[in-house]
Amino acid sequence: LLHVGRNKPRWLTDTVMASVWGESWATQIPSPVQHKPPTLPHLLVGNRHEVFGLPWLDIFFCSEQYHSRLLASGVPSVYRRVDSDHWNILASQSLKETLRDELPKLIKAYSS
């Protein structure tokens, strides 16, 4: 799983991608950290304890750090944090309200 590109070791990103998607899929899905993301508008919804309190993994998931990286790459991005944790977010009223407010804006941005 150790790949080196442009003198950047990729063992961490490769390991996380393989852990999340499985080894066969991980080779087909570009890492959000190692590759330039698509220029589609992004809506990132973060929450408390996204990655079990491991802040160095937050860059992979719906985080403010990844949002900042998208913006710096010229990718339209909105970050919203909801008052929930990783395990209960799908039942969260905060998620429902965030999606209700933000999805129409995302669709409009994508359509223009």
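Okay, let's start at helix α1: among the things that cover its buried residues is helix α2. Before I go on, keep in mind that this is a predicted model.

So which residues of α1 are buried? Helix α1 runs over residues 11–21, and the buried ones are Thr-13, Asp-14, Val-16, Met-17 and Ala-18. Right after α1 comes Gly-22, and its phi is positive, near 90°.

Then we get to α2, residues 23–26, and that's where you'll find Trp-25. Is Trp-25 buried or exposed? The cut-off for exposed is over 50% relative accessible area, and Trp-25 has 52%, so it counts as exposed. Trp-25 also has company out there: together with Val-20 and Trp-21, it makes a nonpolar surface patch of about 360 Å².

Now let's move along the chain to helix α3, residues 64–72. Here the residues to look for are Tyr-66, His-67 and Leu-70, which are buried. If you look down the axis of α3, its buried residues fall within an arc of 105°, so they line one face of the helix. There's a general point behind that kind of pattern: an α-helix has 3.6 residues a turn, so residues three or four places apart point the same way.

And what do those buried residues of α3 pack against? Two strands: β3, which is 42–48, and β4, which is 77–85. Just past the end of α3, have a look at Gly-74, which takes a positive phi of about 85°.

Let's stay with those two strands for a moment. β3 is mostly covered, with six of its seven residues buried. How do β3 and β4 pair? They run in the parallel sense, with six bridges between them. If you want one spot to zoom in on, try Val-45, which stands opposite Arg-80 in β4.

Hang on to Arg-80, as it comes back in the next part, the salt bridges. How many salt bridges are there? The count comes to three.

Take Glu-102 and Arg-80 to begin with. They form a salt bridge, and their closest N and O atoms are 3.1 Å apart. This pair ties together distant parts of the chain: Glu-102 sits in helix α4, residues 93–111, while Arg-80 is in strand β4, and they're 22 residues apart. How covered are the two partners? Glu-102 has a relative accessible area of 8%, so it's buried. Arg-80, at 34%, is partly exposed.

Glu-102 has another partner too. It forms a salt bridge with Lys-105, where the closest N and O atoms are 3.5 Å apart. Both of these residues lie in α4, three residues apart, which is about one turn of the helix. Put those pairs together and you have a network of salt bridges linking Arg-80, Glu-102 and Lys-105.

That leaves the pair of Asp-101 and Arg-100, a salt bridge with closest N and O atoms 3.2 Å apart. Asp-101 comes out at 40% relative accessibility, so we call it partly exposed. Arg-100 has a relative accessible area of 53%, so that one is exposed.

If you take one picture away, make it this one: the buried residues of α3 pack against β3 and β4, and Arg-80 in strand β4 is linked with Glu-102 in helix α4. Okay, that's me done, over to you.

Technical notes:
Residues numbered from 1 in each chain as written. Predicted model: local features only at pLDDT ≥ 70, side-chain atom pairs only at ≥ 80, totals over all residues. Heavy atoms only, no water. Patch = residues over 30% accessible without salt bridge, like charges linked within 9 Å, V, L, I, M, F, W, Y side chains within 5 Å. Areas by Shrake-Rupley, 256 points an atom, 1.4 Å probe, with all protein chains shown as cover. Salt bridge = Lys/Arg side-chain N within 4 Å of Asp/Glu carboxyl O. Helix = DSSP H or I, 4+ residues; strand = E, 2+ residues; numbered from the N terminus. Buried < 20%, exposed > 50% of the residue type's maximum accessible area, 1.4 Å probe, protein only. Arc of directions from axis to C-beta. Contact = heavy atoms within 4.5 Å. Pairing = 2+ DSSP bridges.
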